[in-house]
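The exercises below ask you to read a structure step by step. Keep the sequence and the model in view, and try each task before reading its solution.

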Amino acid sequence: AEQSRHWKHNMSKEHIQEVILHSLQDYFNDLDGRKPTDIYNMIMHTVERPVLMAVMAHAKNNQSHAAEMLGINRNTLRKKLLEHNLL
């Protein structure tokens with residue numbers, strides 16, 4: 001069971017990386033000669049919202065538990081939730 005759980009974790013991680021890679025390739029292809037800017041912040045902001053949504057759901061909307069799962073301060077979590085209109 002432990003190996004199965006570890007395998008699923010790795011497959012999920014690889015899948016996420018693959019999706020982001022393909023999305024970025026599509027983004028570059030769609031630029032049509034325009035210069036890409038602020039890619040890091042664009043990706044982090046885009047990925048952050050579903051991460052926050054999933055963790056908050058798993059934590060049953062308990063911000064302290066969610067912050068602990070994410071490894072961030074509760075005040076930081078609250079700020080991020082507000083930024084993404086999740087509060």
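A crossing of two helices is called left-handed if the near helix is turned anticlockwise from the far one by less than a right angle, and right-handed if the turn is clockwise. The model used here is a predicted one.

**Exercise 1. The chain as a whole**

Task: State how many helices and strands the chain has, and what share of its residues is buried.

Solution: Begin with the elements, of which the chain has 4 helices and 0 strands, so that from the N terminus on the order reads α-α-α-α. Turn next to burial, for which a residue must have under 20% relative accessible area; buried residues make up 16% of the 87 residues in the chain.

**Exercise 2. Helix H2 on its own**

Task: Check whether the span of H2 agrees or disagrees with its number of residues, and name the residues of H2 that are buried.

Solution: The expected span is 1.5 Å times one less than the number of residues. For the 20 residues of H2 this gives 28 Å, and because the end C-alpha atoms are 29 Å apart, the two values agree. As for burial, the buried residues in H2 are Ile 43, Glu 48, Leu 52, Val 55 and Met 56.

**Exercise 3. H2 against H3**

Task: Describe how H2 and H3 cross, giving the angle and the distance, the handedness and the residues that meet.

Solution: Two packed helices are described by the angle between their axes and the distance between those axes. The axes of H2 and H3, the latter covering residues 63-70, come within 9 Å and cross at roughly 125°. Angles from 65 to 115 degrees count as roughly perpendicular and those over 145 as roughly antiparallel, and therefore H2 is oblique to H3. The crossing of H2 and H3 is right-handed. From H2, the residues Val 51, Leu 52, Val 55, Met 56 and His 58 meet Gln 63, Ala 66, Met 69 and Leu 70 of H3. Sorted by class, the residues of this contact comprise 7 nonpolar, 2 polar and no charged.

**Exercise 4. H2 against H4**

Task: Repeat the description for H2 and H4, with the angle and the distance, the handedness and the classes of the residues in contact.

Solution: H2 (residues 39-58) and H4 (residues 74-83) pack at an angle of about 120°, with their axes 10 Å apart. That makes H2 oblique to H4, and the crossing of H2 and H4 is left-handed. On the H2 side the contact is made by Glu 48, Leu 52 and Met 56, and on the H4 side by Leu 77, Lys 80, Leu 81 and Glu 83. By class, this contact has 4 nonpolar, no polar and 3 charged residues.

**Exercise 5. Loops and the segment after H4**

Task: Decide whether Asp 32, Asn 61 and His 84 are buried or exposed, and say where each of them lies.

Solution: Most residues other than glycine have a negative phi. Asp 32, in the loop between H1 and H2, has a positive phi of about 55° although it is not a glycine, and at 70% relative accessibility Asp 32 counts as exposed. Asn 61, in the loop between H2 and H3, likewise has a positive phi, of about 65°, and with a relative accessible area of 57% Asn 61 is exposed. His 84, by contrast, lies in the segment after H4 and is buried, with a relative accessible area of 4%. Leaving aside neighbours within four places in sequence, His 84 is in contact with His 45, Glu 48, Arg 49 and Leu 52.

Terms used: Residues are numbered from 1 along each chain as its sequence is written. This is a predicted model: local features need pLDDT of at least 70, side-chain atom pairs count only at pLDDT 80 or more; totals for chains, interfaces and linings use all residues. Side-chain values use heavy atoms; hydrogens and water are left out. Axes are lines fitted to C-alpha atoms, for helices over the stretch in contact, and angles run from 0 to 180 degrees between N-to-C directions. Helices (H or I, at least four residues) and strands (E, at least two) are DSSP runs, numbered from the N terminus. Angles under 35 degrees count as roughly parallel, over 145 as roughly antiparallel, 65 to 115 as roughly perpendicular and the rest as oblique. Contact means heavy atoms within 4.5 Å. Ala, Val, Leu, Ile, Met, Phe, Trp, Tyr, Cys and Pro count as nonpolar, Asp, Glu, Lys and Arg as charged, and the others, Gly among them, as polar. Buried means under 20% relative accessible area, exposed over 50%, partly exposed in between (1.4 Å probe, protein chains only).
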